[in-house]
Amino acid sequence: MTIPAAPLTPYRPRVFSGVQPTGNLHLGNYLGAIKRFVDLQDEHECVYCVVDMHAITLPQAPLELRRATREVAAAFIAAGIDPKKQIIFNQSQVSAHAELAWIFNCIARIGWLNRMTQFKEKAGKDRENASVGLYAYPTLMAADILAYRATHVPVGEDQKQHLELTRDIAQKFNFDFADRIRALGLESGEFFPLPEPLIAGPAPRVMSLRDGTKKMSKSDPSDYSRINLTDDADAIAQKVRKAKTDPEPLPGEVAGLAARPEAENLVTIFAALSGRETASILGEFGGGQFSTFKNALVDLAVEKLSPIGEEMRRLVDDASAIDAILLDGAERARALADPVLRQVREIMGFLGR
Ligand code: AMP
Ligand code: TRP
């Protein structure tokens, strides 16, 4: 006798996002992602993940991976995410991610992955020598999100294409198995949601302090290109003062920032950190010397970031406390993801429970 499976359940609103533990968390990660994780936590059920399995798509030294994993978790907490209310954990502790990623490898098409610009950038010229994991990276990301049937994903602008691929995978899964999903009791046929990217916000794309046409990045060889969340007040001041600008003073109006990427970037950072409108900032600093504006930006950045950096350092020093938070988060994450995987196995026709 076969035991009839419980009917499939509909999904519910849920937020999911991930950050790679690959060193040098910076202002772009904070403004584009982590700060927004904090803003979402009061109104939504949120799952925030340190994606250590994504990190190893490029070589990582094991002890550095551990340190960086704790550091990202510390940044989440220091920025204000409450690990009791929301789930904070590292990806590799929850096997549902890898399991669902394999299934999605069989749903996604090679043609879809061939269009991913981040792979082309990261693989560089020597594409033959890139890891298979780097190529399949977006299917693991889709699995991260859909193992929780998450509906909303706060990310920076650079992740837009990966989110589109996630939606394509969800849609193809729902379509390919529509009859089976209905037969198992879900009338809508929509087992996976098509997750929506939350990319808006004041600074979805923070640029390098050395080159306003390149995004601020963990991997830029110049430390002067980014403000790290662990930088102290002196480092922040030096980096802002040395930030590239053009010889003109700041314009009085927003339109005057066009074709001035470095000036625009610094004003955008100011706006995002202060919560003020660009127009009001230009009203105050337009026409004046760049150095006056930079001094104000130093004060603002130090005021907003150094408490986070200090708290991160304090948390990272107590490794066992962070590890306990990640362990507890992983257990709660498993309690959400394992039932989803059970339903997926049922849909696919895999035998067993
Ligand atoms: P990663 O460091 O690649 O794991 O990125 C973590 C999060 O930070 C993702 O949501 C990215 O989109 C976001 N992010 C990374 N760099 C930037 C940047 N320069 N500006 C805005 N958001 C960024
Ligand atoms: N790919 C993302 C980045 O590099 C990190 C990531 C992995 C992620 N899985 C995710 C982001 C799921 C949002 C949702 O920034």
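The legends below describe close-up views of a predicted model with two ligands, their shared pocket and the largest cavity. Residues are numbered from 1 along each chain as its sequence is written, and chains are lettered from A and ligands numbered from 1 in the order in which they are written. In this predicted model, local features need pLDDT of at least 70, side-chain atom pairs count only at pLDDT 80 or more, and totals for chains, interfaces and linings use all residues, while side-chain values use heavy atoms and leave out hydrogens and water.

**View 1. The largest pocket.** The largest pocket has a volume of about 1200 Å³. Of its 46 lining residues, Gln20, Gln118, Asp158, Gln159 and Lys215 are the closest to its centre. Elements that give two or more residues to this lining include S1, H1, H6 and H7, and H1 gives the most, five residues. By class, the lining has 17 nonpolar, 19 polar and 10 charged residues. A pocket is found on a 1 Å grid over the protein atoms alone, as an open set of points where a 1.4 Å probe fits, with protein on both sides within 12 Å along at least five of seven lines; a lining residue has an atom within 4 Å of a point. A volume is the space filled by probe spheres set on the points, which are joined across faces, edges and corners. Helices (H or I, at least four residues) and strands (E, at least two) are DSSP runs, numbered from the N terminus. Ala, Val, Leu, Ile, Met, Phe, Trp, Tyr, Cys and Pro count as nonpolar, Asp, Glu, Lys and Arg as charged, and the others, Gly among them, as polar.

**View 2. Ligand 1 and its shell.** Ligand 1 occupies the largest pocket (more than half of its atoms lie within 2 Å of the grid points). It is surrounded by 18 residues (each with a heavy atom within 4 Å), and the closest are Gln20, Gly156, Asp158, Val206 and Lys218. Polar contacts are pairs of N or O atoms within 3.5 Å. An oxygen atom of ligand 1 lies 2.6 Å from a side-chain N or O atom of Lys218, and a nitrogen atom of ligand 1 is 2.9 Å from a polar backbone atom of Met216. The protein covers 93% of the 490 Å² of accessible area that ligand 1 has on its own (Shrake-Rupley method, 1.4 Å probe). Helix H1 (residues 27-40) supplies the largest share of the shell, four residues.

**View 3. Ligand 2 and its shell.** The space taken by ligand 2 is also the largest pocket. Among the 13 residues around ligand 2, Gln20, Tyr137, Met141, Asp144 and Gln159 come nearest. Nitrogen atoms of ligand 2 are found 2.7 Å from a side-chain N or O atom of Tyr137, 2.7 Å from a polar side-chain atom of Asp144 and 3.0 Å from one of Gln159. Alone, ligand 2 exposes 370 Å², of which the protein buries 91%. Strand S1 (15-19) and helix H7 (132-146) each give two or more residues to the shell, and H7 gives the most, four. The shell has seven nonpolar, five polar and one charged residues.

**View 4. The largest cavity.** A cavity is a set of grid points where the probe fits but cannot get out. The structure holds three cavities of 30 Å³ or more, and the largest encloses about 50 Å³. Its lining includes Met116, Phe119, Tyr137 and His162. H7 gives the most residues to this lining, four.

Terms used. A polar contact is a pair of N or O atoms within 3.5 Å; within protein, one must be able to donate a hydrogen and the other to accept it, and residues adjacent in sequence count only if both atoms are side-chain atoms.
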